[in-house]
Amino acid sequence: TQLFLGNFCRFIAKPCAINLGIQDSGPHRAQPNAILEKVFTSITKSPDGKRLEGLSKQLDWDVRKIQRWFRQRRNQDKPTTLRKFCESMWRFTFYLSIFFYGIRFLWTAPWFWDTRQCWYNYPFQPLTSRLYYYYILELAFYWSLMFSQFTDIKRKDFLIMFVHHLATIGLITFSYMNNMVRVGTLVLCLHDASDFLLEAAKLANYAKYQRLCDAFFMLFGVVFIVTRLGIYPFWILNTTLFESWELIGPYPSWWLFNGLLVTLQVLHVIWSYLIVRTASKALVRGKVSKDDRSDVESSSEEEDVTSNSTKGIFSTSSNGSNRLNGHVAGGQWTGE
């Protein structure tokens, strides 16, 4: 997976970024200082007021200058815009490809048009090769998101995304082991419907096409809310909670399976609230506002004011994988 991703970024994503004028340049680097570097690496990356005063006396520096140094030092460890563009382009390509694969596969599946077909002859339902590969690809991708979350910079929605990835991986694995793959394909396809739009918004932002970024984000928000708060509960949860109960009756794994699905719905409500809040700010300010989950730090307070008035939700100086789901949140604003 890492080899494929590396080749994709090297031969496809990076040339596209360069053609769009995205340079491989990071934030302003902090002035070399052995004492502050030792504090940063060994003690704390965000010193409190008492430590700042001590360092100020030791170095004969102004406290504000030391604060600026720590902000710059924290920011210089963050990924460059080029790297973030490559990662988003990889996610965009995967989400778009897997969504169209799922739609093409499900279009001829009887349970796509009649969800009661998910439970006829259960559990003795054949597992076709196309269905198998669909599941394996999705599972592998979400495992990669789970592991990368611990190597990325920690964001405010870390816990929500961790629960989301656990629930998603648990659902995919559990439904596969219990041969609930028919309804599982519906869940997967539904969640993939909005994710590629979010990544498209981030790509437009990194390329500094702000209007296109805002348009993609608004479209993402509409699709996300319609699919997660409309179609998901009235189509997916309806068949797993009620139609399955009617056709095959409750059994021990039924409770766990539906518990995971309901957990996802709770997360959908939280993310939808964040999307609506961001969209409402856009209506007031005339464009999508800065991501509330962003961990961006400007090098000075003046820069903070400037960035808030000129940058969109997916600030190019912020951490790389903003998403609502993940895959809104963050950074993260990401769907799954």
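This briefing covers the nonpolar cores and the salt bridges of the structure above. The model is predicted, so local features need pLDDT of at least 70 and side-chain atom pairs count only at pLDDT 80 or more, while totals for chains, interfaces and linings use all residues. Residues are numbered from 1 along each chain as its sequence is written, and side-chain values use heavy atoms, with hydrogens and water left out.

**Nonpolar cores**
- The largest nonpolar core (buried Ala, Val, Leu, Ile, Met, Phe, Trp, Tyr and Cys residues joined through side-chain atoms within 4.5 Å) has 67 residues, and L106, W111 and Y232 have the most contacts inside it.
- Among the elements that give two or more residues to this core are α1 (2-19), α5 (81-107) and α10 (210-247), and the largest share, 14 residues, comes from α9; helices here are DSSP runs (H or I, at least four residues), numbered from the N terminus.
- Leaving aside neighbours within four places in sequence, Y232 is in contact (heavy atoms within 4.5 Å) with residues including V187, L190, L261 and H268.
- A second, separate core of 11 residues includes A30, L52, W61 and W69.

**Salt bridges**
- The whole structure holds 5 salt bridges, each a side-chain nitrogen of Lys or Arg within 4 Å of a carboxyl oxygen of Asp or Glu.
- R73 and E37 meet in one of these at 2.9 Å, N to O, linking helix α4 to helix α2 across 36 residues; R73 is buried at 10% relative accessible area, whereas E37 is partly exposed at 27% (buried means under 20%, exposed over 50%, partly exposed in between, with a 1.4 Å probe and protein chains only).
- K202 and E199 meet at 3.1 Å, N to O, and both are buried; they are separated by about one helical turn because they lie 3 residues apart in helix α9.
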